[in-house]
Amino acid sequence: MHPVLQGMITVVLGVGICIGYFYFSNQFLDKVLYPARGPNAGRNINRANMIRPWLFMGPAIFVLALYLVYPVLATLWFSLTDRDQGGAFVGLANYRQMAAEPKFLEAIRNNMLWLVVVPAMSTAFGLLAAQLTDRISWGNVAKSIIFMPMAISFVGASVIWKLIYDTRPAGADQIGVLNAIWTALGGAPQTWLTIEPWNNFLLMVVLIWIQTGFAMVILSAALRGIPEETVEAAIVDGANPFQIFFKIKVPQIMPTIVVVWTTITLVVLKVFDIVLAMTNGQWGTQVLANYMYDRMFRAFDWGVGSASAIVIMLLVTPILVWNVRNARREMR
Amino acid sequence: MTELKLTDVGKTYGGTVEVLKDINLDISTGELVVFVGPSGCGKSTLLRMIAGLERITAGALEIDGVLVNDIPPAQRGIAMVFQSYALYPHMTVYDNMAFALRIARKKDDEVRAAVTAAADKLQLSGLLDRLPKELSGGQRQRVAIGRSIVRDPKVYLFDEPLSNLDAALRVATRIEIAQLKEAMPDSTMIYVTHDQVEAMTLASRIVVLAGGGIAQVGAPLTLYERPENEFVAQFIGSPKMNLLPGRIVQTGQQTAVELDGGGRAVSDYPSNAAMQDSPVNIGVRPEDFVAAGEGAHIFSGEVNITEALGEVTLLYYTPVGGADPVIAKLQGIHPDMKHRRVALTADPSKVHVFRNGVSLLYPEGRNITVQPH
Amino acid sequence: MDNIAGRKSGLTWAVHIAVVLLVILWLFPTAGLFVSSFRTGDQISGSGWWAAFSTQQRNEPAVRVGGDEVQQGGRFVLQGDLFPNRDMTIKAWGTSSRDVEAYEPGATADLGDGVTLTLDEGGTFTLAGPESFEGQRLPRVFATASSPPEFTLANYENVLFSGTAGAGVGQSFINTATVAIPSTVIPILIAAFAAYALAWMDFPGRALLVAAVVALLVVPLQLALIPLLQIHNVIGIGKTYMGTWAAHTAFGMPLAIYLLRNYMVGLPRDIIENARVDGATDFQIFVKIILPLSFPALASFAIFQFLWTWNDLLVALVFLGTDDERLVLTGRLVNLLGSRGGDWEILATSAFVSIAVPLAVFFAMQRYLVRGLLAGSVK
């Protein structure tokens, strides 16, 4: 069957099955299992209402448990076993082997660099863009344009930026902007993506370019949420625009800045496509996610691959805990 | 005939926090009963328990003789008008009013007839195709009421329906509700409000709730003229009733009280000899005070502030000790009373006597204590 | 703040200029790709894309004259167009690589032995000599020409419809759509029901489940790959669309539940209770009240999920595989970067094909996207 047809059938079937499940399971509960009539009507209604939430959540819980909770545990187990020995338990051997690999250490080092540079630069640019565009009449158009890269895939963005970093032999017209400027300033053409360690920053630029729009949108909403009176009070107190921005506005949106920062941090930890598409980890640009993909699907070393996935999970955990604590505080 | 009967009804949250206890109340067909009380007294909770939106944790609720504790809201024969109107924003006025009937799988022409009739009654006929956001506040309120009329319920429940309207519209809508009630003499209504003017003007009976229980049930003027306890006495009427401490010095058909502040009050409330010398509070409404002149007085003191409202003048006396200032509302204009000593007295029929917080008229009455908020 | 007395306008100008710079900086990379996709391979490798709008002057590669000779007044004459099918203006020309700008257009070059060559501005040459050119080596011409801006749709035709040159981009486009659309629609309903239960039903363990959803929100899907691939292989949907849809549905679920629950919690309690008093069951309340009122949140999530599944590389690589007939656009682009890294006309066009749909969705539904972002992260 043609996949497109298969896709359309899946859409129709999937929606139909979902609605059917929810409808008939509720009917069964109310009409057959605990009917709301007869001498036990009241008790039956209460019982039905105890069960109903689980009917509503059933499919979601099933999917989440099978596709997210179980794999985390399984991956943890894989990282402690060796597939070549029939899945025998090997303790931390995979981790030890991984820690001895220079490529892994390089990935860790680069990831740390990414973790510092990308969230910081994206948030800073986002804050700048938010503050500036909020004050001009065509700000919404500007915002749209800065926000636009959000819609572009990491791979697409990689192609876009590879054109910018393109190199032509000396003497020929440079078609990459970076070299065009560089040669115009009198330099010799460079193959930028091979120059360690600066090539790492060239890859980060791609992600910063994508994430700035996200930071801008959220921070702009936060800036607009600041009570106008506090700004007006500062003006009356004689603060200049920079003081207003750094001493009045930024402190008030600090919680939002933290949220933006952590959200981008999560993206950075999982960044994979950009490195794969631009350098595939060569020339000292390896990162954890690509290292993991490499171990898992090219070397087929599930043990070390899983171990590196667990390392990513560990790096995410502090943010996970923090998010959960915030959510729980809100629920109360 | 009793339409709605509450027996020892109570509500506990999480097994520990008791918000209502021992509510006993009979509501007859055709009554308009108003629940009133300070915020947090549980009046909305009680209404929602009657509606079936909150589980009843103790006691029994019967509607038309049927125990409905475990019956879901839609099958109790009630309709409810919410404070925020709760109109479905994505449906037209017609669809809003038809929703319940369609859920009940009524035939289309039956639905149409019911909706049209209700719309005519509430002057909504021209608005049936509008969405709620295209209506004014008063119109939304009428749609909310119309939606309940369509269901032809045994009992209408109103949860502070006027509190979202501005002052002028509130008066107009209040009158509309009164007229609506008059046009449907057989329908029973329960109405929750914190506004005592609404309570006094609409109710056939008022239920004052306080401290998790019923403080008093009665016709509006009964509550005003013969409050059962100090709480009701002070809750109904504005400014609130003055309470002055004293001792009973004479018992019998009339009761005389010597007040700690030096005055003497005579009340038409009867008392028995056993009460001689017992400490009491007498209560006098500000509007019942009259200037005493040279004769015997109930209260005398220096006027601190006067407020001239034209038809009446309010006198605020300098407070003594930590007590609330005594307030008197005198007819007419009295320009020269500020900072003067003015003695007050009142007719014996207007002097209330409370012993242990309970009026002498109600020997079986309970005292109500309310935690300050 | 524009009304405040005594405010200097210099700062306003600085703001405008700064925003213009930012916008240019952010637009420039995409613009480069867009413009390049309309240029021929020669144009792209010959000059930067920013030069595409101006008339370009450049040295053409040497062309050997050729054609059929005719006898004219005792001389053998060969005439033709040096650059057929191209609209260009010759600025200078020569017959030797040592001096490529020896002659003006229209001038006649003496090539010795009575042979002359004339080349006019339009590229028409006339070679004339006393003897037949039959069997002789004809002279080469080095021309310096300027061509006006020129754009072509040929790249798109190539990439989308021709089998070889496009290397299957058209097929990949269909594959990506096949992955993205069911993966967007299916999770919405499942998540919406769960979100309603978490928002409006009272049951023990609710707070714990909400916390679990928040936790799963940040679990890297990298952890899920191998165990899931194992499961898929066991139940026979390894490396199929079915497996990919399932994976995308599951990975989108935490965000879907989180977004929708946050939105539904904000719906007025009175409306839901009123529906209950009106006799609606939970199922009816959900279908008739909650779903219509949650449309903005549903739209937000749908956009997120669509962009994410359309742009995804990792899930498709792992669960759909790298077979040519199932490769998605992002996977195709990575392949092209490896195999045809220098063919910018193909790369740029393929990349633009892959980002065109998300960009269209982005500009059409930006409002919902922004709303979803705010609901999803700002508290």
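In the description of charge that follows, Lys and Arg count as positive and Asp and Glu as negative, whereas His and the chain ends are not counted. On this basis, chain B of the predicted model carries 36 positive and 43 negative charges, and the mean positions of the two groups lie 5 Å apart.

The overall architecture of chain B was then examined. Its secondary structure consists of eight helices and 21 strands. The C-alpha trace of chain B extends over about 75 × 45 × 35 Å along its principal axes. Chain B has 373 residues, of which 50% count as buried. The accessible surface of chain B amounts to about 16800 Å², and carbon and sulfur atoms contribute 50% of this area. Among the contacts in chain B with a separation of 6 or more, 65% are formed by residues 24 or more positions apart.

In chain C, attention was given to a single residue, Glu150(C). This residue is located in the loop that connects strand S9 (140-147) with helix H3 (154-161) of chain C. The relative accessible area of Glu150(C) is 42%; because this value falls between the limits of 20% for buried and 50% for exposed residues, Glu150(C) is classed as partly exposed. When residues up to four places away in sequence are not counted, Glu150(C) touches Phe38(C) and Gln43(C). A further relation links Glu150(C) to Arg39(C): the two residues are 111 residues apart along the chain, yet their C-alpha atoms are separated by 7.3 Å.

Note on methods: Residues are numbered from 1 along each chain as its sequence is written. Chains are lettered from A and ligands numbered from 1 in the order in which they are written. This is a predicted model: local features need pLDDT of at least 70, side-chain atom pairs count only at pLDDT 80 or more; totals for chains, interfaces and linings use all residues. Side-chain values use heavy atoms; hydrogens and water are left out. Helices (H or I, at least four residues) and strands (E, at least two) are DSSP runs, numbered from the N terminus. Buried means under 20% relative accessible area, exposed over 50%, partly exposed in between (1.4 Å probe, protein chains only). Contact means heavy atoms within 4.5 Å. Accessible areas come from the Shrake-Rupley method with a 1.4 Å probe; for residues, only the protein chains shown count as cover. The place of a charge is taken as NZ of Lys, CZ of Arg, CG of Asp or CD of Glu.
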